[in-house]
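Please open the model in your viewer and keep the selection tool at hand, as each stop below begins with something to select.

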Amino acid sequence: MSALTSLRAAAKPAVADFDPLHWRRDFPILGQKVHGKPLIYLDNAATAQKPQSVIDAVAQFYSQSNSNVHRGVHALSERATAQYEAARAKVRDFLHAASTCEIVFTRGTTESLNLIAQSYGRSHLRAGDEIILSHLEHHSNIVPWQLLAEQLHLDIKVIPITDTGELLPGAYEHLFSPRTRLVALAHVSNALGTLNPVREMTAIAHRHHALVVLDGAQAVPHLPVDVQELDCDFYAFSGHKLFGPTGIGVLYGREALLAEMPPWQGGGDMIRTVRFSGSTWNELPYKFEAGTPHIAGAIGLGAAIEYLNAVGMDNIAHYDRELLGYGARELQRIQGLKLIGTAPHKAGVLSFVMQGVHPHDIGTIVDQEGVAIRTGHHCAMPVMERFGIPATARASLAFYNTRADLDALVAALGKVREVFR
Ligand code: PMP
């Protein structure tokens, strides 16, 4: 569990000419003032901002191509279908999946994980089977498994985390038993930023004949992801954290697994034939896309991926590491500030607490300085419990953030210190 091969960019030298300000100009929302101060947006883990090309793609769809997909023979419907399916092909390439039939559009990471639990889980797991999760999961990768465990009488086992926010070395493999069927893990933790060694962990799970579900919500915005290299069985992410629209997400699943899974939701588009004596299902991936999908959302996500391809995910990964290192060093200079999550391999997230100040007060004061961060439990209450804190303040980065943004955060935290002397 030591080497982090999933961060492929790590081996390459830093990209000296990466210019975040060049790319930032493409994000119209970032040009505004908040409370009379230039907006410094550091809440990217909650949702990322959208480049003009994504906004244009969505507007263009509604103004020129709006129509329902797959069912029409008229020109607009054919155009909408072509654009929707082209977006699926972009997602396939982005994840380096083998086929578009492995790419299911969902509402987001949460829906993707619930789909796996309810479709795969209900049809393949039995009472007494075991699922392994980690202590740093988002609620979206805990609660669907708890619901399934209640329904089927399964056992959930949890990989502990260390004081730095890493999965406890060695603890993982001891959790396996002959009844372990599935491991569900965050690729990157949203509360701590920890980048888990998911490739190595997947190999271990497969040695124990367990499937691996990866929650990639916080990984895809920061590093190149190759599902075939990771060898995972399922991978989930949300469009809105990847600079695309809200309400659209992705479930990648190995074709052989998706093919034998039953539909999750029933309705139009997911069927081949419907009779009162029984219905048959459409081919992949449509079997899992009941009802009219978020067509504009998928097209917007495709535009976001095209944009990221132009920026370069390798560049983004390098830059993220540099910026994260700078932010961690600067924040640690602040008296009474403690970083929560100091794993050596991280992406995108700086979580912290300040002695004598509630995180919500930190968030409110820095907001007055134009700095947007998030405070709370970040939908990871077990992480808060593990560190014995109710909440953290969290600055989360995107490639359009700069050192100057982090300096502005540090200055704003100086104001917090003045108020809570
Ligand atoms: N997993 C992780 C690691 C996340 O950060 C989030 C969003 N905060 C989710 C799952 C859920 O994503 P969504 O709300 O877009 O479904």
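Begin by selecting the ligand in this predicted model, and show the protein as a surface: the space that the ligand takes up is the largest pocket.

Next, select the shell around the ligand, which is made up of Thr109, Thr110, His138, Ser140, Asn190, Asp215, Ala217, Gln218, Ser238, His240 and Lys241. If you colour these shell residues by character, you will find one nonpolar, eight polar and two charged.

Within that shell, three side chains deserve a distance label. Start with Thr110, where an N or O atom of the side chain lies 2.6 Å from an oxygen atom of the ligand, and then go to Ser238, whose side chain places an N or O atom 2.7 Å from a ligand oxygen. At Lys241 the partner on the ligand is a nitrogen atom, 2.8 Å from an N or O atom of the side chain. How much of the ligand does the protein bury? The ligand taken alone exposes 400 Å², and the protein buries 84% of that.

Finally, zoom out and colour the chain by domain, selecting 3-50 together with 313-416 as domain 1, and 57-309 as domain 2. The C-alpha centres of these two domains are 26 Å apart, and where the domains meet, 46 residues of domain 1 are in contact with 43 residues of domain 2.

Notes
Residues numbered from 1 in each chain as written. Predicted model: local features only at pLDDT ≥ 70, side-chain atom pairs only at ≥ 80, totals over all residues. Heavy atoms only, no water. Near = heavy atom within 4 Å. Polar contact = N/O pair within 3.5 Å; in protein donor to acceptor, adjacent residues only side chain to side chain. Areas by Shrake-Rupley, 256 points an atom, 1.4 Å probe, with all protein chains shown as cover. 1 Å grid on protein atoms, 1.4 Å probe; cavity = no way out; pocket = protein on both sides within 12 Å on 5 of 7 lines; lining within 4 Å. Sits in = over half its atoms within 2 Å of the grid points. Nonpolar A, V, L, I, M, F, W, Y, C, P; charged D, E, K, R; others polar. Domains from an automatic or database assignment. Contact = heavy atoms within 4.5 Å.
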